[in-house]
Amino acid sequence: PNNANDPQHLSSFSIRLCQWQKELGLTGQAIATALDLPLPLWYRYRAGQHYPKPHLLALLAQLYPLNLHWLLTGHSVADTPPPGHLPDTPRDTPRG
């Protein structure tokens with residue numbers, strides 16, 4: 001699983017954050033203003049130097065079209081198994 005403290009996860013997250021911002025055509029200043037953040041902090045999120053707190057991610061998703069699941073994991077919701085389903089668990093494996 002992805003860990004927010006893992007540098008690889010952070011860089012993957014920052015790549016998706018940059019991609020999302022570019023696709024929407026938003027400026028860093030516009031996003032920082034909407035989130036009431038200093039602009040340098042937004043740039044640190046984009047650079048992978050810091051990770052936004054959950055309430056900021058939730059606000060971002062309220063203000064703009066954003067799939068938080070994709071932003072955090074890199075997967076669409078359709079790629080995710082239903083909750084509680086773990087493939088290849090002992091009960092899913094035939095007993096012999």
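The following dialogue discusses the core, one helix and the cavity of a predicted model.

Reader: Which residues of the largest nonpolar core touch the most other members?

Author: A nonpolar core is a set of buried residues joined through side-chain atoms within 4.5 Å. In this model, the largest such core holds 16 residues, and L17, W20, L37, W42 and L60 touch the most other members. At least two residues of this core come from each of helix 1 (7-24), helix 2 (28-35), helix 3 (39-47) and helix 4 (54-63).

Reader: Is W20 buried or exposed?

Author: A residue is called buried when its relative accessible area is under 20%. W20, which lies in helix 1, has a relative accessible area of 5% and is therefore buried.

Reader: What is in contact with W20, leaving aside its neighbours within four places in sequence?

Author: With those neighbours set aside, W20 is in contact with L26, I31, W42, L60, Y64, P65, L66 and W70. Of W20 and L66 one may add that they stand 46 residues apart along the chain, while 7.8 Å separates their C-alpha atoms.

Reader: With which residues is L17 in contact, if its neighbours within four places in sequence are again left aside?

Author: The contacts of L17 are then W42, Y45, R46, L60 and L71.

Reader: Which residues of helix 3 are buried, and where do they lie around the axis?

Author: The buried residues of helix 3 are L41, W42 and Y45. Because they cover an arc of only 100 degrees around the axis, they are on the same side of helix 3.

Reader: What follows helix 3?

Author: The residue after helix 3 is G48, and its phi is positive, near 80 degrees.

Reader: How should one look for empty space, and how many cavities of 30 Å³ or more does the structure hold?

Author: Empty space left among the atoms is shown by rolling over them a probe the size of a water molecule. The structure holds one cavity of 30 Å³ or more. The volume of the largest cavity is about 30 Å³.

Reader: Which residues line the largest cavity, and of what class are they?

Author: The lining consists of F13, L17, L35, W42, P52, L56, L57 and L60. By class, eight of the lining residues are nonpolar, none polar and none charged.

Reader: Which helix gives the most to the lining of the largest cavity?

Author: Helix 4 does, with three residues. Helix 1 and helix 4 each supply at least two residues of the lining. L17, W42 and L60 appear in this lining, and they are also among the core residues that touch the most other members.

Note on methods: Residues are numbered from 1 along each chain as its sequence is written. This is a predicted model: local features need pLDDT of at least 70, side-chain atom pairs count only at pLDDT 80 or more; totals for chains, interfaces and linings use all residues. Side-chain values use heavy atoms; hydrogens and water are left out. Buried means under 20% relative accessible area, exposed over 50%, partly exposed in between (1.4 Å probe, protein chains only). Helices (H or I, at least four residues) and strands (E, at least two) are DSSP runs, numbered from the N terminus. Contact means heavy atoms within 4.5 Å. The arc is that of the directions from the helix axis to the C-beta atoms. On a 1 Å grid over the protein atoms alone, a cavity is a set of points where a 1.4 Å probe fits but cannot get out, and a pocket is an open set with protein on both sides within 12 Å along at least five of seven lines; lining residues have an atom within 4 Å of a point. Grid points are joined across faces, edges and corners, and a volume is the space filled by probe spheres set on the points. Ala, Val, Leu, Ile, Met, Phe, Trp, Tyr, Cys and Pro count as nonpolar, Asp, Glu, Lys and Arg as charged, and the others, Gly among them, as polar.
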